Amino acid sequence: ETLETLIRQAENYTSILFCNTYRNMALEASASTQELFTDVGLYLFGADVNPEEFVNRFFDSLFPLVYNHLINPGVTDSSLEYSECIRMARRDISPFGNIPKRVLGQMGRSLLPSRTFLQALNLGIEVINTTDHLHFSKECGRALLRMQYCPHCQGLALTKPCMGYCLNVLRGCLAHVAELNSHWHVYIRSLEELSDAMHGTYDIEHVLLNFHLLVNDAVMQAHLDGQKLSEQVNKICGRPVRTPTQSPRCSFDGSKEKHGMKISIRNGEETLANRRKEFINSLRLYRTFYGGLADQLCANELDAADGLPCWNGEDIVKRYFMYSDL
């Protein structure tokens with residue numbers, strides 16, 4: 001849910017950028033913007049989409065809008081063929097400089113770790129769900145029955161098993177579960193290392209929330225090179241039809257805080273990085289969960305309190321002697 005909110009927020013930042021720049025262009029750019037961030041979400045959640053393709057597709061779609069509204073306003077030749085020609089020319093004439101490559105580099109570095117992190121979480125969920133449905137041997141069933149219910153036959157319904165006796169029974173029953181402990185430990189350590197590496201340009205939150213600034217730089221670059229780009233487009237696609245009265249050009253001023261767009265300082269508790277850190281810290285508490293499951297069950301649920309008589313499998317005793325005590 002937090003990741004989906006982040007994607008929607010980054011999409012809103014980009015849409016607001018277009019609105020503050022040129023309202024008509026914003027309306028036309030909304031579909032491409034929505035498609036881009038939909039693809040980002042699909043990729044993060046495991047879909048077979050290619051970041052290079054959807055980033056290039058976004059800038060391909062952006063160029064005809066920038067050309068018609070900012071570089072060559074007043075064009076009435078809005079045929080699909082002419083717009084498609086401009087779109088296809090984008091990769092040859094590079095109107096946005098190196099911005100698309102920078103975006104692709106940042107997306108590539110940040111999306112893959114986040115995708116891997118989500119896949120690892122899903123793997124952990126599968127492991128936990130699998131251990132929710134364990135099958136125990138008949139010998140284990142008989143041992144549990146003897147430990148829990150045999151005292152009832154002697155009218156000792158309130159008597160609980162001795163700690164040592166409980167540990168002997170449950171450690172035997174859960175031996176195959178305890179074998180997961182080393183793998184679980186490695187799994188948690190891998191999540192820690194992956195999470196630690198997800199910062200700066202490897203942090204999807206940083207990349208997405210700053211994406212609109214790179215888009216602004218790309219539009220600025222194309223606007224500044226407008227005359228040269230117009231000549232290049234004319235050579236490739238021909239001269240467009242123009243109206244006698246041109247639409248007013250959009251005025252850019254890069255010094256005005258990127259057209260009013262500033263990254264909002266989010267509460268530290270709300271950031272994805274902080275949520276991830278909290279999750280890892282809580283997961284560390286369960287690093288030895290599978291290895292210590294028998295001890296936890298006996299200590300918290302099954303055994304008698306210290307000093308009280310307890311059931312040793314044969315009778316009520318004051319103390320249970322494990323083999324190590326003898």
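This passage describes the fold, cores, helix pairs and selected residues of a predicted model.

The chain holds 326 residues. Its secondary structure comprises 15 helices and two strands. Buried residues account for 41% of the chain. Contacts were also sorted by sequence separation. Among those with a separation of 6 or more, 84% join residues 24 or more positions apart.

Confidence was examined next. Mean pLDDT for the chain is 81. A value of 70 or more is reached by 83% of the residues. One stretch, residues 244-265, stays under 50. For this stretch the model has 44 contacts beyond four places in sequence.

The largest nonpolar core contains 49 residues. Phe59, Leu62, Val66, Met107 and Leu208 touch the most other members. Eight elements are worth listing here, and each supplies at least two residues of this core: helix 1 (2-21), helix 2 (23-44), helix 3 (51-71), helix 4 (80-93), helix 5 (99-131), helix 10 (204-209), helix 11 (211-224) and helix 12. The top contributor is helix 3, which gives 11 residues. Leu62 illustrates the contacts made by one of the core residues that touch the most other members. Beyond four places in sequence, Leu62 touches Phe18, Phe96, Val215 and Val219. Another core lies apart from the largest one and has 26 residues. Its members include Cys162, Met198, Ala294 and Cys310. In soluble globular proteins, nonpolar side chains tend to be buried together.

Two helix pairs were analysed. The first consists of helix 6 (residues 138-153) and helix 7 (residues 163-173). Their axes come within 10 Å and cross at roughly 160 degrees. Angles over 145 degrees count as roughly antiparallel, so helix 6 and helix 7 are assigned to that class. Their crossing is left-handed. On the helix 6 side, the contact is made by Cys140, Ala143, Leu144, Arg146 and Met147. Helix 7 contributes Tyr165, Cys166, Val169, Leu170 and Cys173.

The second pair consists of helix 5 and helix 9 (residues 181-197). These helices pack at an angle of about 160 degrees, and their axes are 10 Å apart. Helix 5 and helix 9 are therefore roughly antiparallel as well. The crossing of helix 5 and helix 9 is left-handed. From helix 5, the residues involved are Pro113, Thr116, Phe117, Ala120, Leu121, Gly124 and Ile128. They meet Trp184, Tyr187, Leu191, Leu194 and Ser195 in helix 9. Helix 5 also supplies at least two residues of the largest core.

Two polar residues were then considered individually. Asn234 sits in helix 12, which spans residues 226-237. The relative accessibility of Asn234 is 16%. Asn234 counts as buried because this value is under 20%. Leaving out residues up to four places away in sequence, Asn234 touches Tyr67, Tyr82, Arg239 and Pro240.

Glu35 belongs to helix 2. Its relative accessibility is 37%. Glu35 therefore counts as partly exposed, a class that lies between the 20% and 50% cut-offs. Glu35 and Glu11 are 24 residues apart in sequence. In space, their C-alpha atoms are 9.8 Å apart.

Note on methods:
Residues numbered from 1 in each chain as written. Predicted model: local features only at pLDDT ≥ 70, side-chain atom pairs only at ≥ 80, totals over all residues. Heavy atoms only, no water. pLDDT = per-residue confidence, 0-100. Contact = heavy atoms within 4.5 Å. Helix = DSSP H or I, 4+ residues; strand = E, 2+ residues; numbered from the N terminus. Buried < 20%, exposed > 50% of the residue type's maximum accessible area, 1.4 Å probe, protein only. Core = buried A, V, L, I, M, F, W, Y, C linked by side-chain atoms within 4.5 Å. Axes fitted to C-alpha atoms, helices over the stretch in contact; angles between N-to-C directions. Parallel < 35°, antiparallel > 145°, perpendicular 65-115°, else oblique. Left-handed = near helix turned anticlockwise from the far one by under 90°.
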